[in-house]
Amino acid sequence: MVSARSLGVSDMTPAAHHTGHRERLRARAMAGGLVALPDYELLELYLFRTFARGDVKPKAKALMARFGSFGAVISASIDELKTVPGIGETAAIDIKLLHEAAMRAGRDKIAKRPVISSWSALLGYVRVALANEPREQFRVLFLDKKNQLIADEIMNRGTVDHAPVYPREVMRRALELSSSNIILLHNHPSGDPTPSRPDIDMTKQVIEAGRALKIGVHDHLVVGREGVASFKALGLI
């Protein structure tokens with residue numbers, strides 16, 4: 001009898017091949033560290049926990065192709081993730097756990113310490129929070145008298161190029177939280193963080209609304225994939 005092995009054909013079943021691939025990828029991660037893995041393989045390694053069997057490389061590559069980057073994948077909404085073939089609700093929720101974990105880790109670095117003295121940690125946090133958001137989002141960091149973080153709240157969500165801002169609502173919430181200072185945050189889904197004229201005008205309105213209440217605006221950070229623009233650094237505040 002002529003065997004597959006004698007003909008030079010592998011007798012490894014698809015399941016065995018995928019298991020072997022998983023073990024090889026895990027071994028590479030252990031040997032070179034996770035930082036050495038390209039983005040799609042890091043995502044693939046994570047998806048092993050959601051999909052106990054089978055080849056998840058096509059799913060990882062499809063996610064990267066659909067959203068463009070690792071950060072954009074984990075920032076996508078559950079509904080957006082589910083548009084990728086093979087990604088159901090369970091997988092989408094698992095992927096969102098990565099984003100939430102990154103957010104909480106970043107928030108820990110700026111909690112219970114003056115935000116102004118933890119600026120690099122703050123910039124890292126806002127990048128994770130906003131750099132890959134597909135729609136414009138307006139947030140406010142509410143600070144106490146010691147400039148420690150009281151709350152980070154989304155005040156409004158908008159379209160791909162606009163999120164309405166209501167200065168009175170910002171100040172009303174600041175008073176509710178007994179906040180002495182605030183930092184404004186919003187993202188530019190285009191990727192370019194350069195402040196627009198409406199951004200500048202809106203910031204002036206918020207500053208004016210806070211002046212009578214003795215609530216200061218420390219800065220307004222505009223976040224994009226290309227970086228973070230600071231109104232204060234640009235001389236706009």
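Is Ser-178 buried or exposed in this predicted model? At 58% relative accessibility, Ser-178 counts as exposed. Here, exposed means over 50% relative accessible area, buried means under 20%, and partly exposed lies in between (1.4 Å probe, protein chains only).

The model is predicted, with local features needing pLDDT of at least 70 and side-chain atom pairs counting only at pLDDT 80 or more, while totals for chains, interfaces and linings use all residues. Residues are numbered from 1 along each chain as its sequence is written, and side-chain values use heavy atoms, with hydrogens and water left out.

The protein chain contains nine helices and five strands. These are DSSP runs numbered from the N terminus (helices: H or I, at least four residues; strands: E, at least two). From the N terminus, the order is α-α-α-α-α-α-α-β-β-α-β-α-β-β. The chain has 237 residues, and 42% of them are buried. Its exposed surface is about 12900 Å². Carbon and sulfur atoms supply 55% of that surface. Accessible areas come from the Shrake-Rupley method (1.4 Å probe; for residues, only the protein chains shown count as cover). Among contacts (heavy atoms within 4.5 Å) with a separation of 6 or more, 59% join residues 24 or more positions apart.

The loop between H8 and S3 holds Ser-178. Phi of Ser-178 is near 55°, a positive value in a residue other than glycine. Most residues other than glycine have a negative phi. Ser-180 is found in the loop between helix H8 (167-176) and strand S3 (181-187). Ser-180 is buried, with a relative accessible area of 17%. Leaving aside neighbours within four places in sequence, Ser-180 touches Leu-143, Asp-144 and Lys-145 as well as Lys-214, Ile-215 and Gly-216.

A positive phi also appears at Asn-147, with a value of about 65°, although Asn-147 is not a glycine. Asn-147 is placed in the loop between S1 and S2. Its relative accessible area is 17%, so Asn-147 is buried.

Thr-90 belongs to helix H6. With 56% relative accessibility, Thr-90 counts as exposed. Thr-90 and Ile-78 are 12 residues apart in sequence. Their C-alpha atoms are 9.4 Å apart in space.

The largest pocket has a volume of about 340 Å³. A pocket is an open set of points on a 1 Å grid over the protein atoms alone, where a 1.4 Å probe fits, with protein on both sides within 12 Å along at least five of seven lines. Grid points are joined across faces, edges and corners, and the volume is the space filled by probe spheres set on the points. Lining residues have an atom within 4 Å of a point. The largest pocket has 18 of them. Ser-75, Lys-96, Glu-133, Gln-137 and Arg-157 lie nearest its centre. Helix H6 (89-110), strand S1 (137-143) and strand S2 (149-157) each supply at least two lining residues. H6 gives the most, with four residues.

Two lysines have their charged ends over aromatic rings. A charge sits over a ring if NZ of Lys or CZ of Arg is within 6 Å of the ring centre and within 35 degrees of the ring normal. The charged end of Lys-59 lies over the ring of Phe-51, 4.8 Å from the ring centre. For Lys-61, the ring is that of Tyr-40, and the distance to its centre is 4.9 Å.
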